[in-house]
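Please look over the sequence and the structure shown below before reading on. The notes that follow are grouped by topic.

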Amino acid sequence: MATIRSITAREVLDSRGNPTVEAELQTDDGTFRSMVPSGASAGVHEALELRDGGSRYMGKGVKKAVGNVNKIIAPRLIGMEISDQRSVDKVMIELDGTENKSRLGANAILPVSMCVCRAGAASEGLWLYEYIRAMGGFGDSVLPVPQLNIINGGRHAGQENDIQEHMIMPVGVKNFAEAIQMASETYHSLKSLLKERFGARGTLIGDEGGFVPPIDNVRDRLELVIKAIEKAGYSTREIKFALDPASSEFFYDGVYRIGEQEMQSGEMVDFYTDLVSSYPIISLEDGMAEDDWDGWIELTKKLGSKIQIVGDDLLVTNTKRIQRAIDLRAANSVLIKPNQIGTISETLDAIKMAYKAGWTAVVSHRSGETEDSFIADLVVGATTGQSKFGAPARSDRNAKYNRLLRIEEHLGTRSKYGGTI
Ligand code: PEP
Ligand code: MG
């Protein structure tokens, strides 16, 4: 059994070129590094991401969070047993002492929690996904059906009052490698259609590697994706759609505004109902705003028996909010982002709570990512069966897909693809 010998942190850059925290932890088994991602359309109920303010890096420096790892967290954790993830996480939660990790910052706590998990896996000679599976007591490992965001909108594309994510989900395949091939071929077919129609400007990309074409209307965007699917030689029988409007971003005093269109909650639900009847959409995330609980209840009542209704900003990987949504029947699926809550133990608790209620769970990246591929192991180990890691392009996204390809190979004949949708 290994103990923690040292922990240090440093400021590094994320995929948007903003500073983020990398933690480094040593045990007798080696050195383990982890980096935290960062959201743009972040929910107001998320754990706090501590930024320095001031003029350095336009206020986005993370020296305070780095200092909190080096000066407050490290001295307290050194000597602790690496295999006891929950106890280590509990010590950090108590050291912070706030409801939303605002003293130390979730961006100080999470990378240490991830390092502890990685070191725990090494101490038992396991791959990270195997260790997470054993630690959480989950069933057989499952490679996820990916939700790939191939048209970026909203905050990830510099637009206001816009649908944020237009994703494809390859469901009709045997394994993850085939799913990625299908997604990549569709992505490149979309690129050539965009180039034909708009020239090179039509193929510019957003924060998550998807294209940002000059097309305002969601229906026109989805029609083009259908053409791309067909051009790649597939059909909407095997490739379905998922949407994340990220509607908290276009909710103003009780009114939803998409482009010039203004809608009350009920009209927003009707808008989605029409879309779902026109297109092969099987998953809808953050259709309603983060505190529009009545809207969520109505949406789930209307569409919850047909499609997956995923709470992201609504639930923020927080068991208190997930329990409330379960009780109110306000969703049927949870998006899982470890940095919304700040520790690996609490992330696994959120997933287990969803399973217990018969919900699905989708493990997700952030729009600001790094080369860290922890979430690829998390999705397989926690057996959620669905991931949301962006387009199959740019290495901040492909670091996760490439890790999943390796894991699929490692599992060999034991490998299973796809979850419950
Ligand atoms: C999302 O809204 O699901 C998302 C990944 O965006 P961000 O990381 O900007 O919150
Ligand atoms: Mg979202």
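The magnesium ion (ligand 2) has as its protein donors Asp244 (OD), Glu285 (OE) and Asp312 (OD), which lie 2.0 to 2.2 Å from the ion; donors are N, O and S atoms within 2.8 Å of the metal (3.2 Å for Na, K and Ca), and since water is not among the atoms, sites may look incomplete. This is a predicted model, in which local features need pLDDT of at least 70 and side-chain atom pairs count only at pLDDT 80 or more, while totals for chains, interfaces and linings use all residues. Residues are numbered from 1 along each chain as its sequence is written, ligands are numbered from 1 and chains lettered from A in the order in which they are written, and side-chain values use heavy atoms, leaving out hydrogens and water.

**Magnesium site**
- The donor residues follow the sequence spacing D-x40-E-x26-D.
- Asp244 in strand β6 (residues 239-244) and Asp312 in the loop between β11 (308-311) and α9 are 68 residues apart, so this pair links distant parts of the chain; helices (H or I, at least four residues) and strands (E, at least two) are DSSP runs, numbered from the N terminus.
- Asp244 counts as buried because its relative accessibility is 1%, where buried means under 20% relative accessible area, exposed over 50% and partly exposed in between (1.4 Å probe, protein chains only).
- Asp312, with a relative accessible area of 2%, is buried too.

**Helix α9**
- In α9 (residues 319-328), Arg321, Ile322, Ala325 and Ile326 are buried.
- These residues cover an arc of only 140° around the axis, which puts them on the same side of α9; the arc is that of the directions from the helix axis to the C-beta atoms.
- The face turned away from the buried side of α9 carries the exposed residues Lys320 and Asp327.
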